[in-house]
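Work through the exercises below with the coordinates open. Try each task before reading its solution.

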Amino acid sequence: MHEVKSQAVSTPWSGGGSPFAMGSKKLGMWLFIVSDTLTFSALLVAYTYARINSPNWPRPFPFNPSILYSTVMTVVLLASSLTMVMAVMAAQRGNRGSTVKWILATMFFGATFVALHMREWFHLISEGLTPTSNHWGSPLFGAVFFGVTGLHMTHVVIGVVYLGIVSIGFGRGKFSPEDVEVSGLYWHFVDLVWMFVFPLVYIMSVTPK
Amino acid sequence: MSNHGESDSAHPVVQAKTFVWVWIFLIVLTGIEVYMGYIDLEVKVMLTVLVGLSIVKAWLIIAWFMHLKYEKRSVTLFLVPATVFCIGMMLLVFFWDSLRLAQLRPH
């Protein structure tokens with residue numbers, strides 16, 4: 001009976017086949033990442049459109065300190081990706097304590113990134129930057145800057161909370177290594193988005209010498 | 001056809017050292033980007049080089065950190081071409097149109 005059932009389930013038309021050889025949670029996260037990629041792509045394309053069409057697009061970031069500061073933020077986020085990789089490896093080895101420690105390290109770097117980013121935001125706001133106005137040039141700059149970096153920062157904050165939940169769940173034995181891996185996919189995606197935001201929004205806006 | 005329900009059993013063992021090397025490479029590429037900002041070349045050159053480096057960095061993150069390299073090829077074929085096509089369509093319409101509008105602007 002059992003054999004008959006397993007044969008029925010394993011036929012391609014009964015849903016038993018797994019063409020991607022991955023669990024539904026992981027596939028679901030990949031599909032979410034694809035849709036989120038298009039959201040960020042649309043924002044960055046809108047930024048490009050606005051910038052090319054604005055004759056007075058501001059370039060308000062002096063190399064020192066603004067670009068160097070955002071470089072530190074980038075390195076912090078990259079460091080969090082490495083600790084997340086280590087967390088996923090530890091989870092797959094079944095080392096629960098080590099997994100939780102690596103996830104906590106990832107959350108620390110994520111929270112540090114948010115703190116650095118907020119400090120930068122407040123500094124720019126104190127210089128008169130708002131979503132609709134600034135002293136440097138096209139008022140669209142503020143909308144683009146806060147829109148792109150704000151959506152990214154929201155992702156980082158959600159990621160830190162998500163990782164907190166996963167670390168508690170995995171620490172208590174309620175979550176599987178696959179759950180850690182799926183949260184890792186999300187976290188690396190947040191890092192990946194910054195790899196486009198950093199050069200396009202910051203380095204391309206370095207103040208000319 | 002493979003019938004793996006869970007992915008974990010299908011993963012080959014990847015050494016931590018490999019990930020550290022990928023990470024170092026990402027840092028080096030970031031360093032090159034920052035240097036580009038320091039020497040501040042013409043906008044078109046900057047945009048081309050920076051986007052090129054970013055695509056390499058994205059590929060490093062997706063392939064190694066997100067394990068896509070170690071998944072079945074069908075996952076890559078399912079996800080990547082469709083995403084690239086959609087982004088390409090956005091650029092095909094809006095990037096060229098923005099250049100057209102910039103040329104229309106009175107000088």
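**Exercise 1.** In which loop of chain B does B:Lys69 lie? Classify its exposure as well.

*Solution.* This is a predicted model: local features need pLDDT of at least 70, side-chain atom pairs count only at pLDDT 80 or more, and totals for chains, interfaces and linings use all residues. Residues are numbered from 1 along each chain as its sequence is written, while chains are lettered from A and ligands numbered from 1 in the order in which they are written.

Start with the elements. Helices (H or I, at least four residues) and strands (E, at least two) are DSSP runs, numbered from the N terminus. Chain B has 3 helices and 0 strands, in the order α-α-α from the N terminus. B:Lys69 sits in the loop between α2 and α3 of that chain.

Next, count neighbours. A residue is buried with 20 or more other C-beta atoms within 10 Å of its own, exposed with 12 or fewer, and partly exposed in between; C-beta atoms are placed from the backbone. B:Lys69 has 14 C-beta neighbours inside 10 Å, so it counts as partly exposed. Across the 107 residues of chain B, 18% count as buried.

Now list contacts (C-beta atoms, placed from the backbone, within 7 Å). Beyond its neighbours within four places in sequence, B:Lys69 touches B:Ala63 and B:Trp64.

**Exercise 2.** Find the helices that supply the largest nonpolar core.

*Solution.* Define the core: buried Ala, Val, Leu, Ile, Met, Phe, Trp, Tyr and Cys residues joined through C-beta atoms within 7 Å. The largest one holds 70 residues, and A:Ala87, A:Leu185, A:Val197 and A:Leu200 have the most contacts inside it. At least two core residues come from each of α2, α3, α4, α5 and α6 of chain A and α1, α2 and α3 of chain B. The largest share, 17 residues, belongs to α6(A).

Take A:Leu200 as a check. Leaving aside neighbours within four places in sequence, A:Leu200 contacts A:Leu44, A:Tyr47 and B:Leu50.

**Exercise 3.** How do α2(A) and α6(A) cross?

*Solution.* Fit the axes as lines through C-alpha atoms over the stretch in contact; angles run from 0 to 180 degrees between N-to-C directions. The two axes come within 10 Å and cross at roughly 10°. Angles under 35 degrees count as roughly parallel, so α2(A) and α6(A) are roughly parallel to each other.

The residues of this contact divide into 13 nonpolar, no polar and 6 charged. Here Ala, Val, Leu, Ile, Met, Phe, Trp, Tyr, Cys and Pro count as nonpolar, Asp, Glu, Lys and Arg as charged, and the others, Gly among them, as polar.

Definitions and conventions:
Contact = placed C-beta atoms within 7 Å. Parallel < 35°, antiparallel > 145°, perpendicular 65-115°, else oblique.
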